[in-house]
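User: Please go through the structure below with me, one point at a time. I will ask about packing, exposure and contacts.

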2 protein chains.
Amino acid sequence: MLRNLKITLAYDGSDFHGWQVQPERATIQGTLAAAIERVIGAKILPQGSGRTDAGVHALAQVATCQLDAGIPTENLRSALNHVLPSAIRVLCVEEAEPEFHARKSARAKTYRYRIFRGEICPPLLARYVYHYPYPLDEKAIRAAAALIVGEHDFTSFAAADPERGREEGESSNVRTICSSAWRRIDSAEMSQGRPPDGLNEFVYTVRGSGFLHHMVRNLVGTFLLVGKGALDCAGLKRILEARDRSTAGSTAPACGLYLVSVEY
Amino acid sequence: MLRNLKITLAYDGSDFHGWQVQPERATIQGTLAAAIERVIGAKILPQGSGRTDAGVHALAQVATCQLDAGIPTENLRSALNHVLPSAIRVLCVEEAEPEFHARKSARAKTYRYRIFRGEICPPLLARYVYHYPYPLDEKAIRAAAALIVGEHDFTSFAAADPERGREEGESSNVRTICSSAWRRIDSAEMSQGRPPDGLNEFVYTVRGSGFLHHMVRNLVGTFLLVGKGALDCAGLKRILEARDRSTAGSTAPACGLYLVSVEY
(Lines give C-alpha, C1' and ligand atoms only; values in the text may rest on other atoms or scores of the structure.)
Protein backbone atom coordinates (compact mmCIF):
# COMPACT_ATOMS: atom_id res chain seq x y z
CA MET A 1 0.00 0.00 0.00
CA LEU A 2 1.31 3.42 -0.94
CA ARG A 3 1.93 5.62 2.10
CA ASN A 4 2.04 9.40 1.82
CA LEU A 5 4.66 10.38 4.38
CA LYS A 6 4.98 13.75 6.08
CA ILE A 7 8.59 14.24 7.19
CA THR A 8 9.45 17.09 9.56
CA LEU A 9 13.12 17.99 9.65
CA ALA A 10 15.57 20.49 11.14
CA TYR A 11 18.83 21.53 9.56
CA ASP A 12 21.91 23.69 9.86
CA GLY A 13 22.02 25.14 6.35
CA SER A 14 25.57 26.55 6.65
CA ASP A 15 27.30 23.84 4.66
CA PHE A 16 24.56 23.17 2.07
CA HIS A 17 23.68 24.84 -1.23
CA GLY A 18 20.08 25.30 -0.12
CA TRP A 19 17.10 22.93 -0.19
CA GLN A 20 16.72 22.21 -3.87
CA VAL A 21 18.60 19.30 -5.42
CA GLN A 22 21.48 20.29 -7.73
CA PRO A 23 24.00 18.15 -9.56
CA GLU A 24 27.42 17.87 -7.85
CA ARG A 25 26.40 20.01 -4.87
CA ALA A 26 25.35 19.12 -1.34
CA THR A 27 21.73 20.19 -0.85
CA ILE A 28 19.20 19.32 1.85
CA GLN A 29 16.74 17.75 -0.60
CA GLY A 30 19.50 15.76 -2.32
CA THR A 31 20.97 14.56 0.99
CA LEU A 32 17.53 13.53 2.25
CA ALA A 33 16.83 11.69 -1.02
CA ALA A 34 20.16 9.84 -0.70
CA ALA A 35 19.28 8.87 2.89
CA ILE A 36 15.85 7.58 1.79
CA GLU A 37 17.52 5.56 -0.97
CA ARG A 38 19.98 4.03 1.51
CA VAL A 39 17.18 3.11 3.92
CA ILE A 40 14.49 1.81 1.52
CA GLY A 41 16.49 1.16 -1.64
CA ALA A 42 14.35 3.33 -3.95
CA LYS A 43 15.05 6.67 -5.61
CA ILE A 44 12.41 9.14 -4.37
CA LEU A 45 12.75 12.92 -4.35
CA PRO A 46 10.98 14.34 -1.27
CA GLN A 47 8.99 17.52 -1.98
CA GLY A 48 9.54 20.36 0.50
CA SER A 49 7.07 22.97 1.71
CA GLY A 50 9.30 25.44 -0.14
CA ARG A 51 12.93 26.03 -1.03
CA THR A 52 15.35 27.46 1.47
CA ASP A 53 18.44 29.20 0.11
CA ALA A 54 22.08 28.30 0.70
CA GLY A 55 22.98 28.99 4.33
CA VAL A 56 19.37 29.25 5.57
CA HIS A 57 18.45 27.03 8.53
CA ALA A 58 15.25 25.20 9.41
CA LEU A 59 13.82 24.28 12.80
CA ALA A 60 10.89 22.39 11.24
CA GLN A 61 10.83 22.12 7.44
CA VAL A 62 8.20 19.72 6.09
CA ALA A 63 8.59 17.38 3.13
CA THR A 64 6.37 14.71 1.64
CA CYS A 65 7.17 11.54 -0.25
CA GLN A 66 5.32 8.42 -1.33
CA LEU A 67 6.60 5.03 -0.27
CA ASP A 68 5.14 1.59 -0.87
CA ALA A 69 6.34 -1.44 1.04
CA GLY A 70 9.40 -1.71 3.23
CA ILE A 71 10.34 -0.31 6.58
CA PRO A 72 7.46 0.56 8.99
CA THR A 73 6.70 4.29 9.34
CA GLU A 74 7.53 4.27 13.06
CA ASN A 75 11.08 3.07 12.31
CA LEU A 76 11.83 5.57 9.56
CA ARG A 77 12.86 8.47 11.78
CA SER A 78 15.72 6.65 13.49
CA ALA A 79 16.69 4.81 10.28
CA LEU A 80 16.99 8.10 8.38
CA ASN A 81 18.82 9.87 11.23
CA HIS A 82 21.26 6.97 11.34
CA VAL A 83 22.42 7.67 7.77
CA LEU A 84 21.94 11.48 7.59
CA PRO A 85 24.76 13.87 8.55
CA SER A 86 24.31 15.44 12.00
CA ALA A 87 23.52 18.80 10.32
CA ILE A 88 20.16 17.35 9.21
CA ARG A 89 17.78 15.65 11.66
CA VAL A 90 14.42 14.08 10.98
CA LEU A 91 12.20 15.14 13.86
CA CYS A 92 9.07 13.25 12.89
CA VAL A 93 7.70 10.89 10.22
CA GLU A 94 3.91 10.53 9.99
CA GLU A 95 1.46 8.99 7.53
CA ALA A 96 -0.64 11.74 5.95
CA GLU A 97 -3.86 11.70 3.91
CA PRO A 98 -3.25 10.81 0.23
CA GLU A 99 -4.05 14.36 -0.90
CA PHE A 100 -1.61 15.99 1.58
CA HIS A 101 1.25 17.86 -0.13
CA ALA A 102 4.05 19.67 1.76
CA ARG A 103 3.86 22.79 -0.44
CA LYS A 104 0.31 22.89 -1.79
CA SER A 105 -1.37 22.07 1.54
CA ALA A 106 0.61 24.67 3.54
CA ARG A 107 -1.69 27.32 5.07
CA ALA A 108 0.94 29.43 6.86
CA LYS A 109 4.67 29.61 7.50
CA THR A 110 6.74 31.23 10.19
CA TYR A 111 10.26 32.54 9.62
CA ARG A 112 12.72 34.04 12.07
CA TYR A 113 15.71 36.29 11.47
CA ARG A 114 18.37 36.62 14.18
CA ILE A 115 20.66 39.65 14.46
CA PHE A 116 23.42 39.56 17.06
CA ARG A 117 23.83 43.08 18.49
CA GLY A 118 26.80 42.61 20.82
CA GLU A 119 30.19 44.00 19.84
CA ILE A 120 31.82 40.58 19.63
CA CYS A 121 29.85 37.70 18.17
CA PRO A 122 30.63 34.48 20.08
CA PRO A 123 32.24 31.93 17.70
CA LEU A 124 29.59 29.35 18.56
CA LEU A 125 26.90 31.72 17.26
CA ALA A 126 28.72 32.96 14.17
CA ARG A 127 27.11 30.50 11.76
CA TYR A 128 23.63 31.10 13.16
CA VAL A 129 23.11 34.86 13.36
CA TYR A 130 23.81 37.99 11.34
CA HIS A 131 26.28 40.06 13.35
CA TYR A 132 25.30 43.72 13.21
CA PRO A 133 26.87 45.62 16.16
CA TYR A 134 26.29 49.13 14.78
CA PRO A 135 23.68 51.61 16.02
CA LEU A 136 20.07 50.94 15.03
CA ASP A 137 16.86 52.75 15.93
CA GLU A 138 15.11 49.61 17.08
CA LYS A 139 11.91 51.45 17.95
CA ALA A 140 11.61 52.64 14.34
CA ILE A 141 12.25 49.08 13.11
CA ARG A 142 9.48 47.73 15.36
CA ALA A 143 7.06 50.34 13.97
CA ALA A 144 8.08 49.54 10.38
CA ALA A 145 7.56 45.80 10.92
CA ALA A 146 3.96 46.38 11.95
CA LEU A 147 3.22 48.11 8.61
CA ILE A 148 3.49 44.95 6.54
CA VAL A 149 0.80 43.07 8.47
CA GLY A 150 -2.22 42.37 6.26
CA GLU A 151 -2.66 41.54 2.58
CA HIS A 152 -0.15 43.21 0.26
CA ASP A 153 1.51 42.76 -3.10
CA PHE A 154 5.10 42.06 -2.08
CA THR A 155 6.70 42.46 -5.54
CA SER A 156 9.12 45.05 -4.13
CA PHE A 157 10.44 42.40 -1.73
CA ALA A 158 10.61 39.46 -4.15
CA ALA A 159 13.86 38.29 -5.73
CA ALA A 160 14.48 40.30 -8.88
CA ASP A 161 14.69 37.10 -10.96
CA PRO A 162 11.00 36.50 -11.82
CA GLU A 163 11.54 32.75 -12.28
CA ARG A 164 12.71 32.47 -8.70
CA GLY A 165 10.38 35.10 -7.28
CA ARG A 166 7.46 32.81 -6.81
CA GLU A 167 6.94 29.28 -5.66
CA GLU A 168 6.00 26.88 -8.43
CA GLY A 169 2.33 27.11 -9.40
CA GLU A 170 1.83 30.58 -7.89
CA SER A 171 0.71 33.38 -10.17
CA SER A 172 0.48 36.36 -7.84
CA ASN A 173 2.83 38.26 -5.51
CA VAL A 174 0.01 39.01 -3.06
CA ARG A 175 0.57 37.48 0.37
CA THR A 176 -1.10 37.88 3.74
CA ILE A 177 1.10 38.56 6.76
CA CYS A 178 -0.56 37.66 10.07
CA SER A 179 2.21 38.85 12.39
CA SER A 180 5.48 40.70 11.96
CA ALA A 181 7.43 41.74 15.03
CA TRP A 182 10.93 42.31 16.38
CA ARG A 183 11.95 41.55 19.95
CA ARG A 184 15.11 41.43 22.01
CA ILE A 185 16.15 38.01 23.32
CA ASP A 186 19.08 36.79 25.34
CA SER A 187 21.47 34.40 23.68
CA ALA A 188 23.78 34.31 26.69
CA GLU A 189 22.74 30.71 27.21
CA MET A 190 24.46 29.87 23.96
CA SER A 191 27.88 30.96 25.10
CA GLN A 192 27.55 28.55 28.04
CA GLY A 193 28.70 30.05 31.26
CA ARG A 194 29.88 33.45 30.10
CA PRO A 195 28.22 36.30 32.00
CA PRO A 196 25.13 37.55 30.18
CA ASP A 197 25.58 41.05 28.77
CA GLY A 198 21.93 41.92 28.38
CA LEU A 199 19.52 40.85 25.69
CA ASN A 200 22.02 40.67 22.88
CA GLU A 201 19.89 39.41 20.00
CA PHE A 202 17.35 41.40 18.02
CA VAL A 203 15.05 38.85 16.44
CA TYR A 204 12.37 39.20 13.80
CA THR A 205 9.50 36.73 13.61
CA VAL A 206 7.07 36.81 10.73
CA ARG A 207 4.10 34.55 10.06
CA GLY A 208 2.16 34.63 6.82
CA SER A 209 0.15 32.72 4.24
CA GLY A 210 3.24 32.36 2.10
CA PHE A 211 6.48 34.08 1.17
CA LEU A 212 8.14 35.02 -2.11
CA HIS A 213 11.73 34.06 -2.83
CA HIS A 214 14.11 36.20 -0.72
CA MET A 215 11.11 38.01 0.77
CA VAL A 216 12.05 37.74 4.45
CA ARG A 217 15.70 38.67 3.80
CA ASN A 218 14.65 41.61 1.64
CA LEU A 219 12.21 42.79 4.32
CA VAL A 220 14.99 42.55 6.93
CA GLY A 221 17.39 44.47 4.66
CA THR A 222 14.74 47.19 4.31
CA PHE A 223 13.99 47.27 8.06
CA LEU A 224 17.74 47.82 8.57
CA LEU A 225 17.52 50.91 6.32
CA VAL A 226 14.79 52.15 8.66
CA GLY A 227 16.98 51.39 11.67
CA LYS A 228 19.87 53.36 10.15
CA GLY A 229 17.57 56.35 9.54
CA ALA A 230 17.82 56.06 5.76
CA LEU A 231 14.10 55.28 5.41
CA ASP A 232 10.99 56.14 7.44
CA CYS A 233 7.62 54.43 7.72
CA ALA A 234 6.11 56.54 4.93
CA GLY A 235 9.04 55.51 2.72
CA LEU A 236 8.45 51.85 3.52
CA LYS A 237 4.77 52.24 2.51
CA ARG A 238 5.84 53.80 -0.78
CA ILE A 239 8.22 50.89 -1.45
CA LEU A 240 5.41 48.40 -0.81
CA GLU A 241 3.12 50.33 -3.18
CA ALA A 242 5.81 50.70 -5.87
CA ARG A 243 5.85 46.95 -6.62
CA ASP A 244 9.43 47.39 -7.78
CA ARG A 245 12.32 45.41 -6.29
CA SER A 246 14.84 48.17 -6.99
CA THR A 247 13.17 50.48 -4.45
CA ALA A 248 13.72 48.26 -1.39
CA GLY A 249 16.80 47.51 0.73
CA SER A 250 19.41 44.85 0.03
CA THR A 251 19.03 41.16 0.85
CA ALA A 252 20.11 40.39 4.44
CA PRO A 253 22.65 37.54 4.82
CA ALA A 254 21.28 33.98 4.71
CA CYS A 255 22.93 32.77 7.94
CA GLY A 256 20.45 34.70 10.16
CA LEU A 257 17.32 33.16 8.60
CA TYR A 258 15.31 30.22 9.95
CA LEU A 259 12.23 28.47 8.64
CA VAL A 260 10.57 27.98 12.03
CA SER A 261 7.40 26.06 11.14
CA VAL A 262 4.86 25.25 8.46
CA GLU A 263 1.17 25.07 9.35
CA TYR A 264 -1.39 22.90 7.55
CA MET B 1 59.05 49.80 24.16
CA LEU B 2 58.35 46.08 24.18
CA ARG B 3 54.84 45.29 25.36
CA ASN B 4 53.96 41.86 26.77
CA LEU B 5 50.39 41.34 25.58
CA LYS B 6 47.82 39.03 27.15
CA ILE B 7 45.26 38.05 24.53
CA THR B 8 42.03 36.32 25.60
CA LEU B 9 40.22 34.53 22.80
CA ALA B 10 37.23 32.30 22.11
CA TYR B 11 36.98 29.81 19.29
CA ASP B 12 34.86 27.20 17.60
CA GLY B 13 37.45 24.45 17.17
CA SER B 14 35.36 22.36 14.73
CA ASP B 15 37.16 23.36 11.56
CA PHE B 16 40.71 23.66 12.99
CA HIS B 17 43.46 21.11 13.56
CA GLY B 18 43.82 22.17 17.17
CA TRP B 19 45.75 25.03 18.77
CA GLN B 20 49.33 24.26 17.79
CA VAL B 21 50.71 25.61 14.53
CA GLN B 22 51.27 22.97 11.82
CA PRO B 23 52.45 23.33 8.24
CA GLU B 24 49.66 23.33 5.62
CA ARG B 25 46.89 22.99 8.20
CA ALA B 26 44.49 25.51 9.68
CA THR B 27 45.23 25.83 13.41
CA ILE B 28 44.16 28.41 15.98
CA GLN B 29 47.74 29.46 16.79
CA GLY B 30 48.67 29.70 13.11
CA THR B 31 45.53 31.67 12.23
CA LEU B 32 46.11 34.07 15.12
CA ALA B 33 49.77 34.52 14.09
CA ALA B 34 48.67 35.31 10.52
CA ALA B 35 46.17 37.88 11.84
CA ILE B 36 48.89 39.51 13.99
CA GLU B 37 51.17 39.62 10.95
CA ARG B 38 48.47 41.28 8.86
CA VAL B 39 47.78 43.86 11.54
CA ILE B 40 51.32 44.74 12.69
CA GLY B 41 53.45 43.43 9.83
CA ALA B 42 55.67 41.21 11.98
CA LYS B 43 55.91 37.44 12.32
CA ILE B 44 55.20 36.58 15.96
CA LEU B 45 53.97 33.22 17.25
CA PRO B 46 51.62 33.77 20.20
CA GLN B 47 52.13 31.29 23.07
CA GLY B 48 48.95 29.71 24.43
CA SER B 49 48.15 28.64 28.00
CA GLY B 50 48.17 25.13 26.60
CA ARG B 51 47.30 23.23 23.46
CA THR B 52 43.74 22.32 22.60
CA ASP B 53 43.18 19.37 20.27
CA ALA B 54 41.45 19.36 16.88
CA GLY B 55 37.73 20.01 17.38
CA VAL B 56 38.04 21.32 20.96
CA HIS B 57 36.47 24.74 21.61
CA ALA B 58 37.52 27.59 23.89
CA LEU B 59 35.41 30.21 25.66
CA ALA B 60 38.49 32.02 27.00
CA GLN B 61 41.89 30.69 25.93
CA VAL B 62 44.81 32.95 26.85
CA ALA B 63 47.88 33.65 24.73
CA THR B 64 50.86 35.97 25.15
CA CYS B 65 53.07 37.70 22.63
CA GLN B 66 55.65 40.47 22.65
CA LEU B 67 55.17 43.49 20.41
CA ASP B 68 57.24 46.62 20.12
CA ALA B 69 55.98 49.71 18.33
CA GLY B 70 52.90 50.00 16.16
CA ILE B 71 49.20 49.88 16.80
CA PRO B 72 48.04 50.93 20.30
CA THR B 73 46.98 48.08 22.62
CA GLU B 74 43.41 49.41 22.89
CA ASN B 75 42.95 49.13 19.10
CA LEU B 76 44.32 45.60 18.75
CA ARG B 77 41.16 43.73 19.65
CA SER B 78 39.05 45.20 16.87
CA ALA B 79 41.96 45.18 14.40
CA LEU B 80 42.54 41.46 14.99
CA ASN B 81 38.83 40.60 14.90
CA HIS B 82 38.57 42.45 11.61
CA VAL B 83 41.00 40.04 9.94
CA LEU B 84 40.29 36.82 11.88
CA PRO B 85 37.64 34.35 10.68
CA SER B 86 34.37 34.53 12.64
CA ALA B 87 35.19 31.16 14.28
CA ILE B 88 37.94 32.92 16.30
CA ARG B 89 37.26 36.06 18.32
CA VAL B 90 39.65 38.09 20.40
CA LEU B 91 37.73 39.01 23.57
CA CYS B 92 40.38 41.15 25.22
CA VAL B 93 43.94 42.44 24.73
CA GLU B 94 45.78 43.73 27.81
CA GLU B 95 49.34 44.73 28.63
CA ALA B 96 50.78 42.30 31.16
CA GLU B 97 53.85 42.40 33.41
CA PRO B 98 57.08 41.49 31.52
CA GLU B 99 57.38 38.19 33.39
CA PHE B 100 53.78 37.11 32.61
CA HIS B 101 53.58 33.96 30.44
CA ALA B 102 50.29 32.38 29.28
CA ARG B 103 51.39 28.84 30.13
CA LYS B 104 53.98 29.20 32.91
CA SER B 105 51.98 31.75 34.90
CA ALA B 106 48.72 29.78 34.81
CA ARG B 107 47.54 28.76 38.29
CA ALA B 108 44.33 26.95 37.37
CA LYS B 109 42.21 26.00 34.39
CA THR B 110 38.58 25.12 34.00
CA TYR B 111 37.28 22.75 31.32
CA ARG B 112 33.73 21.78 30.47
CA TYR B 113 32.38 18.75 28.64
CA ARG B 114 28.86 18.83 27.20
CA ILE B 115 26.83 15.68 26.55
CA PHE B 116 23.47 16.04 24.81
CA ARG B 117 21.06 13.49 26.30
CA GLY B 118 17.96 14.01 24.15
CA GLU B 119 17.05 11.41 21.52
CA ILE B 120 17.56 13.83 18.61
CA CYS B 121 20.45 16.28 18.73
CA PRO B 122 19.40 19.64 17.21
CA PRO B 123 21.55 20.38 14.12
CA LEU B 124 22.60 23.74 15.59
CA LEU B 125 24.13 21.90 18.56
CA ALA B 126 25.74 19.04 16.67
CA ARG B 127 29.19 20.63 16.40
CA TYR B 128 29.19 21.67 20.06
CA VAL B 129 28.16 18.65 22.11
CA TYR B 130 28.72 14.91 22.29
CA HIS B 131 25.40 13.25 21.53
CA TYR B 132 24.86 10.33 23.86
CA PRO B 133 21.15 9.46 24.08
CA TYR B 134 21.57 6.02 25.68
CA PRO B 135 20.84 5.12 29.32
CA LEU B 136 23.37 6.32 31.90
CA ASP B 137 23.37 6.04 35.69
CA GLU B 138 23.97 9.73 36.22
CA LYS B 139 23.98 9.39 39.99
CA ALA B 140 26.91 6.96 39.76
CA ILE B 141 28.73 9.35 37.40
CA ARG B 142 28.28 12.22 39.85
CA ALA B 143 29.73 10.10 42.66
CA ALA B 144 32.66 9.01 40.49
CA ALA B 145 33.47 12.62 39.51
CA ALA B 146 33.88 13.56 43.17
CA LEU B 147 36.57 10.89 43.62
CA ILE B 148 39.17 12.67 41.52
CA VAL B 149 39.11 15.86 43.61
CA GLY B 150 42.47 16.43 45.32
CA GLU B 151 46.06 15.71 44.39
CA HIS B 152 46.58 12.59 42.27
CA ASP B 153 48.95 11.11 39.75
CA PHE B 154 46.81 11.13 36.59
CA THR B 155 49.06 8.91 34.45
CA SER B 156 46.11 6.56 33.80
CA PHE B 157 44.25 9.46 32.19
CA ALA B 158 47.12 10.95 30.17
CA ALA B 159 47.52 10.37 26.44
CA ALA B 160 49.44 7.14 25.88
CA ASP B 161 52.07 8.98 23.84
CA PRO B 162 54.48 10.19 26.56
CA GLU B 163 55.76 13.08 24.42
CA ARG B 164 52.26 14.48 24.21
CA GLY B 165 51.20 13.46 27.73
CA ARG B 166 52.63 16.51 29.44
CA GLU B 167 52.85 20.19 28.72
CA GLU B 168 56.33 21.35 27.83
CA GLY B 169 58.59 21.78 30.86
CA GLU B 170 56.48 19.58 33.13
CA SER B 171 58.09 16.51 34.64
CA SER B 172 55.31 14.97 36.70
CA ASN B 173 51.80 13.64 36.07
CA VAL B 174 50.60 14.81 39.49
CA ARG B 175 47.83 17.38 39.28
CA THR B 176 45.47 18.92 41.83
CA ILE B 177 41.76 18.97 41.01
CA CYS B 178 39.79 21.60 42.96
CA SER B 179 36.32 20.74 41.68
CA SER B 180 34.86 18.04 39.51
CA ALA B 181 31.09 17.87 39.06
CA TRP B 182 28.34 16.94 36.63
CA ARG B 183 25.05 18.76 36.38
CA ARG B 184 22.01 18.86 34.12
CA ILE B 185 21.41 22.05 32.18
CA ASP B 186 18.82 23.13 29.65
CA SER B 187 19.98 23.80 26.12
CA ALA B 188 16.44 24.49 24.90
CA GLU B 189 17.46 28.12 24.38
CA MET B 190 19.81 26.94 21.70
CA SER B 191 17.08 25.49 19.53
CA GLN B 192 15.37 28.90 19.56
CA GLY B 193 11.67 28.58 20.05
CA ARG B 194 11.28 24.81 20.14
CA PRO B 195 9.50 23.66 23.28
CA PRO B 196 11.98 22.70 25.99
CA ASP B 197 11.98 18.98 26.73
CA GLY B 198 13.56 19.12 30.14
CA LEU B 199 17.20 19.62 31.05
CA ASN B 200 18.66 17.88 28.05
CA GLU B 201 22.39 18.39 28.59
CA PHE B 202 24.58 16.58 31.11
CA VAL B 203 27.60 18.78 31.62
CA TYR B 204 30.90 18.13 33.39
CA THR B 205 32.93 21.02 34.80
CA VAL B 206 36.40 20.43 36.17
CA ARG B 207 38.81 22.94 37.62
CA GLY B 208 42.38 22.10 38.47
CA SER B 209 46.00 23.23 38.74
CA GLY B 210 46.71 21.77 35.31
CA PHE B 211 45.71 19.00 32.97
CA LEU B 212 47.61 16.34 31.03
CA HIS B 213 47.06 15.88 27.32
CA HIS B 214 43.66 14.19 26.71
CA MET B 215 43.05 14.10 30.49
CA VAL B 216 39.54 15.60 30.52
CA ARG B 217 38.37 13.51 27.59
CA ASN B 218 39.85 10.35 29.14
CA LEU B 219 38.16 11.16 32.46
CA VAL B 220 34.83 11.65 30.65
CA GLY B 221 35.29 8.37 28.76
CA THR B 222 35.90 6.62 32.09
CA PHE B 223 32.92 8.31 33.78
CA LEU B 224 30.80 6.99 30.89
CA LEU B 225 31.98 3.47 31.76
CA VAL B 226 30.70 4.13 35.28
CA GLY B 227 27.40 5.41 33.87
CA LYS B 228 26.99 2.26 31.79
CA GLY B 229 27.60 0.07 34.85
CA ALA B 230 30.88 -1.33 33.48
CA LEU B 231 32.90 0.25 36.30
CA ASP B 232 32.16 1.24 39.90
CA CYS B 233 33.76 3.81 42.19
CA ALA B 234 36.18 1.25 43.63
CA GLY B 235 37.21 0.38 40.07
CA LEU B 236 37.80 4.04 39.27
CA LYS B 237 40.05 4.34 42.34
CA ARG B 238 42.03 1.31 41.17
CA ILE B 239 42.49 2.86 37.72
CA LEU B 240 43.78 6.08 39.31
CA GLU B 241 46.21 4.08 41.46
CA ALA B 242 47.35 1.88 38.55
CA ARG B 243 49.06 4.80 36.75
CA ASP B 244 48.49 2.91 33.52
CA ARG B 245 46.58 4.43 30.60
CA SER B 246 45.39 1.04 29.37
CA THR B 247 43.19 0.58 32.45
CA ALA B 248 40.93 3.60 31.87
CA GLY B 249 38.07 4.25 29.46
CA SER B 250 38.37 5.53 25.92
CA THR B 251 38.88 9.17 24.94
CA ALA B 252 35.54 11.00 24.64
CA PRO B 253 35.00 12.93 21.35
CA ALA B 254 36.67 16.34 21.04
CA CYS B 255 33.53 18.25 19.96
CA GLY B 256 32.06 18.21 23.50
CA LEU B 257 35.12 19.78 25.17
CA TYR B 258 35.60 23.47 26.05
CA LEU B 259 38.48 25.31 27.65
CA VAL B 260 36.35 27.62 29.81
CA SER B 261 38.95 29.79 31.52
CA VAL B 262 42.54 30.11 32.68
CA GLU B 263 43.32 31.69 36.06
CA TYR B 264 46.53 33.56 36.89
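Analyst: Two residues are in contact if their C-beta atoms, placed from the backbone, lie within 7 Å. This is a predicted model. In that sense of contact, A35(A), R38(A) and V39(A) of α1(A) meet A79(A), L80(A) and V83(A) of α2(A).

User: How do the residues of the contact of α1(A) with α2(A) divide into nonpolar, polar and charged?

Analyst: The α1(A) side of the contact consists of A35(A), R38(A) and V39(A), and the α2(A) side of A79(A), L80(A) and V83(A). Arg counts as charged, whereas Ala, Val and Leu count as nonpolar. The division is therefore 5 nonpolar, no polar and 1 charged.

User: At roughly what angle do the axes of α1 and α2 of chain A cross?

Analyst: Helix α1 of chain A covers residues 28-40 and helix α2 covers residues 73-83. Their axes come within 9 Å, and α1(A) passes α2(A) in a right-handed crossing. The crossing angle is roughly 115°.

User: Which residues of α2(B) does α1(B) meet?

Analyst: In chain B, the axes of α1(B) and α2(B), the latter spanning residues 73-83, come within 9 Å and cross at roughly 115°. The crossing is right-handed. From α1(B), the residues A35(B), R38(B) and V39(B) take part, and the residues they meet in α2(B) are A79(B), L80(B) and V83(B).

User: Are α3(B) and α5(B) oblique or roughly antiparallel to each other?

Analyst: Helix α3 of chain B (residues 138-146) and helix α5 of chain B (residues 215-227) have axes that come within 8 Å and cross at roughly 135°. Angles over 145 degrees count as roughly antiparallel, and 65 to 115 as roughly perpendicular. The angle of roughly 135° falls in neither class, so the two helices are oblique.

User: Which residues of α5(B) meet α3(B), and what is the handedness of the crossing?

Analyst: On the α3(B) side, the contact involves E138(B), A140(B), I141(B), A144(B) and A145(B). The residues of the contact divide into 6 nonpolar, 1 polar and 1 charged. The α5(B) residues are F223(B), V226(B) and G227(B), and the crossing is right-handed.

User: How far apart are the C-alpha centres of the two domains of chain A?

Analyst: Chain A is divided into domain 1, residues 3-96, and domain 2, residues 108-263. Between them, 14 residues of domain 1 are in contact with 12 residues of domain 2. The side of domain 1 that touches domain 2 divides into 6 nonpolar, 7 polar and 1 charged. The C-alpha centres of the two domains lie 26 Å apart.

User: Is D15(B) buried or exposed?

Analyst: D15(B) sits in the loop between β1 (3-11) and α1 (28-40) of chain B. Leaving out residues up to four places away in sequence, D15(B) touches A26(B) and A87(B). A residue with 12 or fewer other C-beta atoms within 10 Å counts as exposed. D15(B) has 12 such atoms, so its class is exposed.

User: What is the phi value of E24 in chain A and in chain B?

Analyst: E24(A) lies in the loop between β1 (3-11) and α1 of chain A, and E24(B) lies in the loop between β1 and α1 of chain B. E24(A) is exposed, with 6 C-beta neighbours inside 10 Å; E24(B) is also exposed, with 6 other C-beta atoms within 10 Å. Phi is positive, in a residue other than glycine, and is near 70° for E24(A) and near 65° for E24(B).

User: Is H214(B) buried or exposed?

Analyst: H214(B) is found in the loop between β9 (201-208) and α5 of chain B. Not counting residues up to four places away in sequence, H214(B) touches A158(B), A159(B) and T251(B). The cut-off for a buried residue is 20 or more other C-beta atoms within 10 Å. With 22 C-beta neighbours inside that distance, H214(B) is therefore buried.

User: What distance separates the C-alpha atoms of A230(B) and G249(B)?

Analyst: A230(B) is placed in the loop between α5 and α6 (233-242) of chain B. A230(B) counts as exposed, with 11 C-beta neighbours inside 10 Å. A230(B) and G249(B) are 19 residues apart in sequence, and their C-alpha distance is 9.9 Å.

Definitions and conventions: Residues are numbered from 1 along each chain as its sequence is written. Chains are lettered from A and ligands numbered from 1 in the order in which they are written. This is a predicted model: local features need pLDDT of at least 70, side-chain atom pairs count only at pLDDT 80 or more; totals for chains, interfaces and linings use all residues. Domain bounds come from an automatic or database domain assignment. Axes are lines fitted to C-alpha atoms, for helices over the stretch in contact, and angles run from 0 to 180 degrees between N-to-C directions. Helices (H or I, at least four residues) and strands (E, at least two) are DSSP runs, numbered from the N terminus. Angles under 35 degrees count as roughly parallel, over 145 as roughly antiparallel, 65 to 115 as roughly perpendicular and the rest as oblique. A crossing is left-handed if the near helix is turned anticlockwise from the far one by less than a right angle, and right-handed if clockwise.
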